[in-house]
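Student: Please take a close look at one part of this predicted model, the pairing within a sheet. After that, go on to other parts in one connected account.

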Amino acid sequence: MVRIVDARIEAWPLAKPFVISRGAKTEARVVVVEVADDAGHVGRGEAVPYARYGETPEDAVAVLQHLAATMPTLASDAGVSPGPFTQTICADLPPGAARNALDCALWDLAAKRSGVRAHVLAGVDVLAPVVTCYTLSLDTPDAMARAARDAAGLPLLKLKLGGGPDDAQRLRAVRAARPDARLVADANEAWGEHEIVELVAVAAEAGFELIEQPLPAGADASLADFAHAVPICADESCHLAADLPAIAGRYEAINIKLDKAGGLTHALDLAKAARTAGLHIMVGSMVATSLAVAPALILAQGADWVDLDGPLLVARDRPGGIVIRNGVIEPPRPELWG
């Protein structure tokens with residue numbers, strides 16, 4: 001028998017405030033789910049409810065606790081392939097953090113029960129180390145340039161932008177501070193149609209590889225009206241494989257996040273569909289601990305960009321957390337997840 005044994009909120013202080021165009025945070029509030037079987041195997045999953053999508057940690061935990069109360073036994077057999085198994089159990093949950101936490105916990109449980117690593121169950125024979133972005137919070141151009149210099153040794157930087165004339169200065173200042181670095185930018189829907197053509201040109205001039213979600217989701221049709229000197233990546237505009245037709249001709253890449261897709265199972269489906277559609281892939285996550293990042297490393301294999309720097313942003317990580325050296329993420333240990 002498989003059942004939910006715990007669903008809780010945890011708060012993890014950040015090493016320094018994390019600032020984007022929508023606001024700032026000083027801690028990561030995450031939802032953790034534990035599932036267990038009668039043999040004593042326990043699987044864990046972590047997710048981050050996101051206010052942008054109308055989610056709160058309290059609501060996510062309430063959904064999971066209601067599921068535990070109304071379905072005290074989720075299934076009698078978790079020995080089948082974890083993808084179809086989790087789809088069956090999570091069928092009534094919408095995409096989002098609650099489903100992600102439960103889905104990842106069930107993948108972890110399947111690995112613990114079978115003795116086979118989760119990445120192998122997902123069809124990935126070997127997990128290789130990957131280079132992750134390191135995020136520079138939104139600040140003045142000079143402050144972001146200093147932060148970029150302080151991140152010497154980290155090869156891939158991601159700038160948070162906020163719209164307005166300072167963004168061009170931010171792009172140029174960080175490039176001047178780190179001529180050696182690979183750079184991507186994330187506007188978090190903050191740009192307007194009146195400024196996007198100029199800012200894309202500045203990003204191209206500064207040698208940026210990617211611009212993430214410059215226009216608000218649902219107001220991005222104009223992206224099809226001009227050639228992108230820098231590839232543009234959909235984040236808020238694409239959550240699931242079903243969203244891909246709507247972004248065709250507007251974006252060259254998508255950012256796949258487990259919290260948006262509602263778990264590893266649906267994220268794997270999205271990655272396959274995106275590759276078929278000829279899109280590049282970034283694998284990202286919200287600000288969280290290594291437990292949230294670990295499942296995403298399966299998706300990160302072969303991704304064009306990886307943005308899984310949560311363990312670098314928290315003031316302290318979980319015991320046995322993922323090791324990141326010089327921007328390179330090592331595969332998780334089985335004791336952590338999978």
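Tutor: Two strands are taken to pair if DSSP finds at least two bridges between them. In this predicted model, S13 and strand S14 (residues 328–329) meet that condition with two bridges, in the antiparallel sense. One of the residues involved is Ile 324, whose bridge partner in S14 is Ile 329. The pair belongs to an open sheet of three strands, ordered S4-S14-S13, with antiparallel pairing. Strand S4 (130–131) and strand S13 (324–325) are at its edges and have a single partner strand each, so one side of each has no neighbour in the sheet. In general, the strands of a sheet pair through backbone hydrogen bonds, in a parallel or an antiparallel way.

Helix H7 shows how burial is arranged along a helix. H7 spans residues 196–205, and its buried residues are Ile 196, Leu 199, Val 200, Val 202 and Ala 203. Viewed down the helix axis, the buried residues of H7 fall within an arc of 160°, so they line one face. The face turned away from that buried side carries Glu 198 and Glu 205, both exposed. The cover over the buried residues of H7 includes helix H6 (166–177), strand S8 (210–212) and strand S9 (232–234). Just after H7 comes Gly 207, with a positive phi of about 75°.

H6, part of that cover, also leads to Arg 178, which is placed in the loop between H6 and strand S7 (182–186). Is Arg 178 buried or exposed? Buried means under 20% relative accessible area, and Arg 178 has 4%, so the residue counts as buried. The side chain of Arg 178 reaches the backbone oxygen of Leu 154 at 2.9 Å. Leaving aside residues up to four places away in sequence, Arg 178 touches Ala 148, Arg 149, Ala 151, Ala 152, Gly 153, Leu 154, Pro 155 and Leu 157. Leu 154 thus appears both in that list of contacts and as the owner of the backbone oxygen reached by the arginine side chain.

The last part concerns enclosed space. The structure has two cavities of 30 Å³ or more, and the largest cavity holds about 70 Å³. Its lining includes the charged or polar residues Glu 46, Asn 100, Asp 259 and Ser 285, along with others such as Val 48, Leu 258, Met 286 and Ala 292. Helix H9 (258–261) and helix H11 (290–300) are the elements that give two or more residues to this lining.

Definitions and conventions
Residues are numbered from 1 along each chain as its sequence is written. This is a predicted model: local features need pLDDT of at least 70, side-chain atom pairs count only at pLDDT 80 or more; totals for chains, interfaces and linings use all residues. Side-chain values use heavy atoms; hydrogens and water are left out. Buried means under 20% relative accessible area, exposed over 50%, partly exposed in between (1.4 Å probe, protein chains only). Helices (H or I, at least four residues) and strands (E, at least two) are DSSP runs, numbered from the N terminus. The arc is that of the directions from the helix axis to the C-beta atoms. Contact means heavy atoms within 4.5 Å. A polar contact is a pair of N or O atoms within 3.5 Å; within protein, one must be able to donate a hydrogen and the other to accept it, and residues adjacent in sequence count only if both atoms are side-chain atoms. On a 1 Å grid over the protein atoms alone, a cavity is a set of points where a 1.4 Å probe fits but cannot get out, and a pocket is an open set with protein on both sides within 12 Å along at least five of seven lines; lining residues have an atom within 4 Å of a point. Grid points are joined across faces, edges and corners, and a volume is the space filled by probe spheres set on the points.
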